[in-house]
Structure formats: C-alpha cells, structure tokens
Amino acid sequence: MTETHSTGVRGDSGPEAARLVASRVLDVPDFPKPGVMFKDLMPLFADGDAFRDVTDGIIAYHGRESFDAVVGIEARGFVIAAAIAYATGVGVVPVRKAGKLPRPAYAASYELEYGEATLEVHQDAFTAGHRVLVVDDVLATGGTAAATLDLVERAGGTVAGFTVLLELSFLGGRDRLAPRPVHALLTV
C-alpha cells in the first residue's frame, strides 16, 4: 500500500523515505533516446548518509531475518544488493545480461519496447528454499523484474521480497508483477 502525503511524494515506506529518494533523483532529458526522461539515481548512491538511510530502510521494511540472500539486477541493482548483503551478513547474487556468467545458467527473455532482452542467473545460485530478497533501482514496465523473479524460482530460491528505489507507476510494472508484493521507496 503506497502512502501519499501533503508534500505530494509517496512510497511504501512513508513520506520520509520517499522524500529522501526524491531529493536525490536527477531528471536527464532525452536519454537514452529523444523523448525519454531518464531518472538518474547516481546522486543517491554518491551521498553516503542518504545511501545508508535507504539501505537501512529496505532492511527494516523486510526484516533482517526474512531473507538468506540478496539478488541485484544488472547493473544498478548490484549496488543496492551489495550494501544490503553487507549490512545483514548474507550473500549477494547477481542477475546478469546474457553471456556474462561463466558457469551454467538459467535464462529468461522478456520484451522491451524496442526489442527483447535476456537475463541469466547461475543454476547453482541458491539451495532449495533459499529466501531471496530481489532489489533494483527502478521499476518501469516490470519485464526485467518479472524475468528476475522467475529466474530466482527456477534456480531453487523462494522470493522473500522485491524492492525498488523508484517506481514509475504510469508504466504499470506493479500490476504486471501481481500478486507478488512490490516495495517502492518512491512512487511517481
């Protein structure tokens, strides 16, 4: 359930977390192509205090004991996943673009507005029943997230949660992932 407040910012962890993320997002027009407004979260990652607060907020939301591993989706999801894994003492597993992993991997393809993409995870990434928190920077149409959640389950993991820093609600990603719960610190 996303909370909306008088400041106009909303997110699943309340107004403080939403304001923090919103204050560190830069809009970059016409990137990666004309007409697209890119949401750049690098200023959030570069601010140590803000990044720590966001990391701690994600851990508090899910509960420190609710997951055994953290999956980061290439590429900015790696940054978030590593911080959460370090803070909680669990392992981190990357979900990569096709052809980047050196050992046998499961693959999942999904549609993009301009083509198709494929993600992979090592087949031995999890033991049966491993509880996995999946994190990424942005939820847009939900294709990347859906492919990742499916990969986690094919590799033997159990999805314990899915969190993004920023959800672009007008693109319907949350609906595409239903009935799985989505946790977004900032929803626009």
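Contact here means heavy atoms within 4.5 Å, and the legends below describe close-up views of a predicted model.

**View 1. Arg76 and its surroundings in helix H4.** Arg76 is found in helix H4, which spans residues 76-88. Leaving aside its neighbours within four places in sequence, Arg76 is in contact with Phe38, Met42, Phe45 and Asp137. With one of these residues, Asp137, the contact is also polar, since the two side chains approach to 2.4 Å. Arg76 has a relative accessible area of 29% and therefore counts as partly exposed. For a sense of scale, the C-alpha atom of Arg76 is separated by 13 Å from that of Val93, a residue 17 places away along the chain.

**View 2. Helix H3, from its N-terminal cap to the glycine that follows.** Helix H3 covers residues 48-62, and its 15 residues should span 21 Å at 1.5 Å a residue, which agrees with the 21 Å between its end C-alpha atoms. At the N-terminal end, Asp47 acts as a cap, with a side-chain oxygen lying 3.2 Å from the backbone nitrogen of Asp49. Within the helix, Ala50, Phe51, Val54, Thr55, Ile58, Ile59 and His62 are buried. These buried residues of H3 pack against several elements, among them helix H1 (15-23), helix H2 (42-46) and helix H4, and also against strands including E9 (131-139) and E11 (183-187). After the helix comes Gly63, whose phi is positive, near 95°.

**View 3. Helix H5 and its buried residues.** Helix H5 is formed by residues 143-154. For its 12 residues, a rise of 1.5 Å a residue gives an expected span of 16 Å, and the end C-alpha atoms are 17 Å apart, which agrees. The buried residues of H5 are Gly143, Ala145, Ala146, Ala147, Thr148, Leu149, Leu151 and Val152. As with H3, a glycine follows the helix: H3 is followed by Gly63, and H5 by Gly156, whose phi is positive, near 100°.

**View 4. Arg180 and its two acidic partners on helix H5.** Arg180 forms a salt bridge with Asp150, in which the closest N and O atoms are 3.6 Å apart. Because Arg180 lies in the loop between H6 and E11 while Asp150 lies in helix H5, this pair ties together parts that are 30 residues apart in sequence. The side chain of Arg180 also meets that of Glu153 in a salt bridge, at 2.6 Å from N to O. Glu153 too lies in helix H5, so this pair ties together parts that are 27 residues apart in sequence. Each of the three residues counts as partly exposed, with relative accessibility of 25% for Arg180, 37% for Asp150 and 37% for Glu153.

**View 5. The salt bridge between Asp68 and Arg131.** A search of the whole structure finds 11 salt bridges, and one of them joins Asp68 to Arg131, with the closest N and O atoms 2.8 Å apart. The pair links distant parts of the chain, 63 residues apart, with Asp68 in the loop between H3 and strand E5 (69-73) and Arg131 in strand E9. Asp68 is partly exposed, with a relative accessible area of 29%, and Arg131 is likewise partly exposed, at 33%.

**View 6. The loop between strands E3 and E4.** Pro32 is placed in the loop between strand E3 (26-29) and strand E4 (37-40), and the peptide bond leading to it from Phe31 is cis, with omega near 5°. Asp30 belongs to the loop between E3 and E4 as well, and its phi is near 60°, a positive value in a residue other than glycine.

**View 7. The cis peptide bond in the loop between H6 and E11.** The peptide bond from Ala178 to Pro179 is cis, with omega near 10°. Pro179 is located in the loop between H6 and E11, where Arg180 of View 4 also lies.

**View 8. A nonpolar patch on the surface.** Phe170, Leu171 and Val188 make a nonpolar surface patch of about 290 Å². One of these residues, Leu171, is found in the loop between strand E10 (158-167) and helix H6 (173-177). Leu171 is partly exposed, with a relative accessible area of 38%.

Notes. Residues numbered from 1 in each chain as written. Predicted model: local features only at pLDDT ≥ 70, side-chain atom pairs only at ≥ 80, totals over all residues. Heavy atoms only, no water. Patch = residues over 30% accessible without salt bridge, like charges linked within 9 Å, V, L, I, M, F, W, Y side chains within 5 Å. Areas by Shrake-Rupley, 256 points an atom, 1.4 Å probe, with all protein chains shown as cover. Salt bridge = Lys/Arg side-chain N within 4 Å of Asp/Glu carboxyl O. Buried < 20%, exposed > 50% of the residue type's maximum accessible area, 1.4 Å probe, protein only. Expected span 1.5 Å × (residues − 1). Polar contact = N/O pair within 3.5 Å; in protein donor to acceptor, adjacent residues only side chain to side chain.
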